[in-house]
Structures are given as C-alpha cells and as structure tokens.
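Work through the exercises below with the sequence and the model open side by side, and try each task before reading its solution.

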Amino acid sequence: MPSLRRTPLYDFHRDHGGRFVEFGGWEMPVQYRSILEEHRAVRSAAGLFDVSHMGEIRVSGTQSTEFLNHLVTNDVTRLSPGRVLYTPMCLPSGGVVDDLLITCLGPSEYLLCVNASNRDKDLAWMTEQAFGYDCTIKDQSDAYGLLAIQGPRADAIVGRLTPVALERVRYYGFAEGDVAGTFCLISRTGYTGERGFELFCPADEASGLAGAILEAGEPEGLVLAGLGARDSLRLEAGFSLYGHEISELISPLEAGLEWTVKFSKDGFIGRQALLRQRDEGTPSKVVFFRTGDRRIVRAGSTVFAGAREVGRVLSGTLSPMRNEAIGSMHVLTECIDEDLSVDLRGQQQFLLKTKPPFVPIHR
C-alpha cells in the first residue's frame with residue numbers, strides 16, 4: 001500500500017505484530033491480537049491506541065475566537081485556557097463538514113483536532129471561511145504524534161511516567177508536562193467510554209513514548225489496541241463517527257447532538273437551516289439499536305417497517321460486553337415508533353431501539 005500515509009508509529013506497529021488496513025487514506029493497525037481481546041482489555045485494564053493520523057490545525061490571532069464561533073455550532077466563547085470543546089462544523093445546509101475538538105491553549109490561541117479523512121477538506125473549508133477575520137490558520141498535523149491510553153488503569157500507568165498531577169485534569173481539560181521524558185499536551189476527552197488521556201507529542205518522539213507506556217503498562221494489563229477495538233468501544237459508548245452517524249447529509253439535530261448547537265449565539269454557519277430543523281422537526285433521525293442476537297448487522301443494510309424501506313444501518317458491530325449485536329440506523333422520523341427490522345441472509349432480524357450508551361460510561 002505505497003500510496004497510503006503512515007503515522008510516525010508505523011515501524012512500532014509492524015514490530016509489535018500489527019495487522020494493517022487502509023483507513024481514510026492511511027495505513028493503520030486494525031488489530032494486534034483479537035479485536036475482542038483488545039476491547040475487553042480496555043474495559044478492564046487499559047489499551048494504547050495510535051491516533052496520530054488525526055489532523056492538528058492551529059488557529060491564532062486577534063479575531064480567532066470570533067472566527068471559530070462563526071465556524072462551529074458550539075460556543076467557543078465558553079472556553080478558557082486549559083479547556084477543550086467538542087463541536088460539529090456545519091455547512092449552510094446544516095450538514096456536518098466534520099466534528100472536531102477545540103483546545104484553548106491561551107487567549108486567542110487554539111489547537112483543533114480534526115478527523116484524519118477530512119484533514120485536507122477541513123483546512124480548505126476553514127481557510128475559505130476565515131476571509132475577513134484577523135486570524136492565522138496553520139496545518140501542524142505532521143508535527144504531532146498522538147497516543148490515546150484508555151481504561152480504568154490509565155491514570156495509574158501514565159501517573160508512573162509524569163510529575164503532572166493527573167487528578168487535576170478534568171474531563172474535557174488538559175495539562176502540559178513531561179511524560180517519560182517527552183513534553184506532551186495531556187488531554188482528557190476519550191472516545192471509548194473509559195477514563196484515559198490523549199498525549200499530543202512531537203512526531204519524532206511518538207515511538208519512544210509508546211514504548212515507554214507499553215513497558216510501564218504491561219504489568220497492569222495494558223495492551224496495544226487497533227482501529228477495530230476503537231470502533232466497537234466507541235459504538236458501545238454511543239459516540240458518533242464521522243461518515244456514519246454524522247455527515248454532510250446528517251445534521252447534528254438528526255444525530256441527537258442538539259447539545260452541541262448553541263442557538264443563543266448569532267451568525268454561525270448552518271444556523272438558519274438548523275433553526276428550521278429545530279422548529280419543524282427533521283424528516284429522519286439517528287437511532288441506536290441492539291438485536292438480542294450475535295449476528296452483526298452491517299452498515300448499509302436496509303431498514304424496514306413491515307415491507308416498507310424506511311432507512312439504513314449506519315454502524316454495526318458485536319458488543320463484547322453485551323455479547324450481542326449493536327448499531328445505529330438513520331430512519332424516517334414518522335416510523336421510529338414502529339417495529340423495525342433488517343434482512344439477515346433471508347431472515348428477518350428485529351432491531352430493538354436503545355438509548356446509548358450500551359455500557360456504563362466512566363469519565
């Protein structure tokens with residue numbers, strides 16, 4: 001796969017037995033052992049993920065706050081240094097360009113973490129929308145490595161490697177300091193439903209940092225985890241994945257992310273379309289489901305209400321903690337209260353509508 005991008009940890013993954021797949025233009029490890037093993041290790045102890053494929057974009061300047069507040073649906077003015085904000089970034093139609101994290105480094109200084117597959121698109125969109133604002137937008141993605149350590153033992157493992165008081169790092173907050181001799185931005189947001197940290201570090205030091213974390217964590221049960229476990233973990237937690245539960249065709253209101261849309265602020269991109277959706281309702285909604293069965297319902301499957309096609313499955317996997325298939329679907333709002341099903345190899349499988357998360361969440 002010579003045309004695919006590789007993270008700074010490519011050799012580390014290869015040396016530790018990672019099985020690679022293409023993901024959003026990147027050659028990434030999908031697993032090291034079994035996905036089920038890695039998933040369960042994160043729920044019971046800890047897992048170490050390479051998420052260096054994510055993009056990092058720095059926005060600074062005297063009007064950077066005003067620009068970002070125009071760009072995204074959530075309220076950037078609520079941020080203070082040391083805090084992080086999750087937010088969609090919408091089109092005028094209300095569809096989602098991307099969902100991202102905005103880290104407030106200081107007054108008028110922000111670091112945006114965007115999805116890997118959207119990095120180039122996001123940068124072009126931000127640059128276009130910044131016309132008229134006194135701010136600078138700089139892609140710094142290649143300068144960063146990004147590791148995520150998730151699970152109930154994450155605090156103890158990272159705590160052995162840093163003098164930073166990790167107990168003071170609040171959910172959706174961050175601190176800065178050395179971890180195993182590498183200067184890191186230590187963030188606590190998470191994408192698995194477990195406690196943990198994201199470590200932004202210099203790209204050329206990412207492999208050494210991963211090795212130090214693995215050595216410190218193995219006695220605690222830490223394992224290397226790939227994209228497969230990351231997806232099943234986030235789906236159990238009920239978190240959206242761009243291109244699935246949110247997209248340019250699925251708005252934050254359809255996706256159940258109303259809390260990220262602050263109508264109290266004026267002028268953000270997509271506000272008028274989202275106001276109409278709020279007032280008139282959306283024709284379709286994202287709904288999560290379980291099946292009571294182990295057979296996985298694949299993304300793209302047609303959802304039926306009786307014999308009528310009313311939507312499609314967005315994500316589907318086996319929940320290792322529930323031992324049943326779970327997923328999400330995009331269905332006509334008028335049909336949500338009906339009995340919904342899919343066809344699984346000629347057999348009707350009913351989808352039991354469920355409010356996520358599917359497992360207890362730890363922050």
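The exercises that follow treat backbone geometry, a sheet, two helices and some ring contacts.

The model is predicted, and local features need pLDDT of at least 70, side-chain atom pairs count only at pLDDT 80 or more, and totals for chains, interfaces and linings use all residues. Residues are numbered from 1 along each chain as its sequence is written, and side-chain values use heavy atoms, with hydrogens and water left out.

**Exercise 1. Backbone geometry**

Task: Find which residues a cis peptide bond joins, and describe where Ser 108 lies and how far it is covered.

Solution: Begin with the omega angle, which is about 10° at the bond between Pro 356 and Pro 357, a cis peptide bond. Then place Pro 357 in the segment after strand 19 (347-353), where strands (E, at least two residues) and helices (H or I, at least four) are DSSP runs numbered from the N terminus. Next turn to Ser 108, whose phi is near 65°, a positive value in a residue other than glycine. Ser 108 belongs to the loop between strand 6 (96-106) and strand 7 (109-114), and with a relative accessible area of 24% it is partly exposed. Here buried means under 20% relative accessible area, exposed over 50%, and partly exposed in between, with a 1.4 Å probe and protein chains only.

**Exercise 2. Two tyrosines**

Task: Determine how the rings of Tyr 171 and Tyr 172 are arranged, and whether each residue is buried or partly exposed.

Solution: Locate Tyr 172 in the loop between helix 5 (154-159) and strand 10 (173-179), and note that its phi, near 60°, is positive although the residue is not glycine. Rings of Phe, Tyr and Trp (its six-membered ring) pair if their centres lie within 6.5 Å, with planes under 30 degrees apart counted as stacked, over 60 as edge-to-face and the rest as tilted. By this rule there are eight aromatic pairs. The centres of Tyr 171 and Tyr 172 are 4.9 Å apart and their planes stand at 85°, so this pair is edge-to-face. Finally, Tyr 172 is buried at 18% relative accessible area, whereas Tyr 171, at 27%, is partly exposed.

**Exercise 3. An open sheet**

Task: Trace the sheet with the order 10-11-12-9-3-13 and identify which strands stand at its edges.

Solution: The open sheet has six strands with mixed pairing, where two strands pair if DSSP finds at least two bridges between them. Strand 10 and strand 13 (222-224) each have a single partner strand, so one side of each is left without a neighbour in the sheet. At one of these edges, three bridges join strand 13 to strand 3 (residues 46-50), the two running parallel, and Leu 48 stands opposite Leu 224.

**Exercise 4. Helix 3 and helix 8**

Task: Establish how many residues of helix 3 are buried, and which residues Arg 271 contacts.

Solution: In helix 3 (residues 64-71), six of the eight residues are buried, including Phe 67 and Leu 68. Among the elements against which these buried residues pack are strand 4 (55-60) and helix 4 (119-129), a contact meaning heavy atoms within 4.5 Å. Arg 271 lies in helix 8 (residues 271-280) and counts as buried at 15% relative accessibility. Leaving aside neighbours within four places in sequence, Arg 271 contacts Phe 263, Lys 265 and Asp 266. The ring of Phe 263 also has the charged end of Arg 278 over it, 4.8 Å from its centre, the rule being that NZ of Lys or CZ of Arg is within 6 Å of the ring centre and within 35 degrees of the ring normal.
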